[in-house]
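Open the model in your viewer and keep the sequence panel beside it. This tour goes selection by selection.

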Amino acid sequence: MGGPQFDRNFGGYRVFCGDLGSRTNKFELEREFDTFGPLVDCWVARNPPGFAFIVYKHADDAERAVEELDGR
């Protein structure tokens, strides 16, 4: 995962999630990531699979998610 970046389109903080399995879905990611704070958006790549973007409403929630989930 990378550090959070402000996304003007969603008005929140975007986090890149990489090295995901091809069967990872949006609902699994939302369940895992919403424990850190309110989500604005969740997008999972399908072609090619293996990465996603999560957008948090607050920067501190995004940073905490990056710190705690990096490498998992």
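Start with the sulfur of Cys42. The closest cysteine sulfur, in Cys17, is 7.7 Å away, too far for a bond. The model is a predicted one. A disulfide needs the two sulfur atoms within 2.5 Å, and by that rule the count is zero. Cys17 is therefore in no disulfide, its nearest cysteine sulfur being the one in Cys42, beyond the 2.5 Å limit.

Keep both cysteines selected and colour by accessibility. Are they buried or exposed? Cys17 is buried, at 2% relative accessibility. Cys42 is buried too, with a relative accessible area of 5%.

Next, select the core. The largest nonpolar core has 14 residues. Show Val15, Cys17, Leu29, Phe33, Ile54 and Tyr56 as sticks: these touch the most other members. Now colour by element. Strand E2 (12-18), helix H1 (26-33), E3, E4 and H2 each supply at least two residues of this core. Which element gives the largest share? H2 does, with four residues. As a general point, nonpolar side chains in soluble globular proteins tend to be buried together.

Stay on Tyr56 and list its contacts, leaving aside neighbours within four places in sequence. Val15 and Phe33 appear, and both are also among the top core residues. The list also includes Gly12, Tyr13, Leu39 and Val40. Phe36, Gly37 and Pro38 are there as well. Further along the chain, Tyr56 meets Asp61, Ala62 and Ala65.

Move to Asp61. This residue lies in helix H2 (residues 59-69). Asp61 counts as buried because its relative accessible area is 8%, under the 20% cut-off. What does Asp61 touch, beyond its neighbours within four places in sequence? Its contacts are Phe36, Gly37, Pro38 and Tyr56. Phe36, Gly37 and Pro38 are thus in contact with Asp61 and also with Tyr56.

Now select strands E3 (residues 39-46) and E4 (residues 49-56). They run antiparallel, joined by six bridges. Together they form a hairpin, with two residues between the strands. Zoom in on Arg46: its bridge partner in E4 is Pro49.

Finish by zooming out to residues 13-72. UniProt, in an unreviewed entry, places the feature "domain: RRM" there. Draw a distance between the end C-alpha atoms of this span: they lie 20 Å apart. Helix makes up 32% of the span and strand 37%.

Terms used:
Residues numbered from 1 in each chain as written. Predicted model: local features only at pLDDT ≥ 70, side-chain atom pairs only at ≥ 80, totals over all residues. Heavy atoms only, no water. Pairing = 2+ DSSP bridges. UniProt positions renumbered as here; feature names shortened; annotations may be inferred. Buried < 20%, exposed > 50% of the residue type's maximum accessible area, 1.4 Å probe, protein only. Contact = heavy atoms within 4.5 Å. Core = buried A, V, L, I, M, F, W, Y, C linked by side-chain atoms within 4.5 Å.
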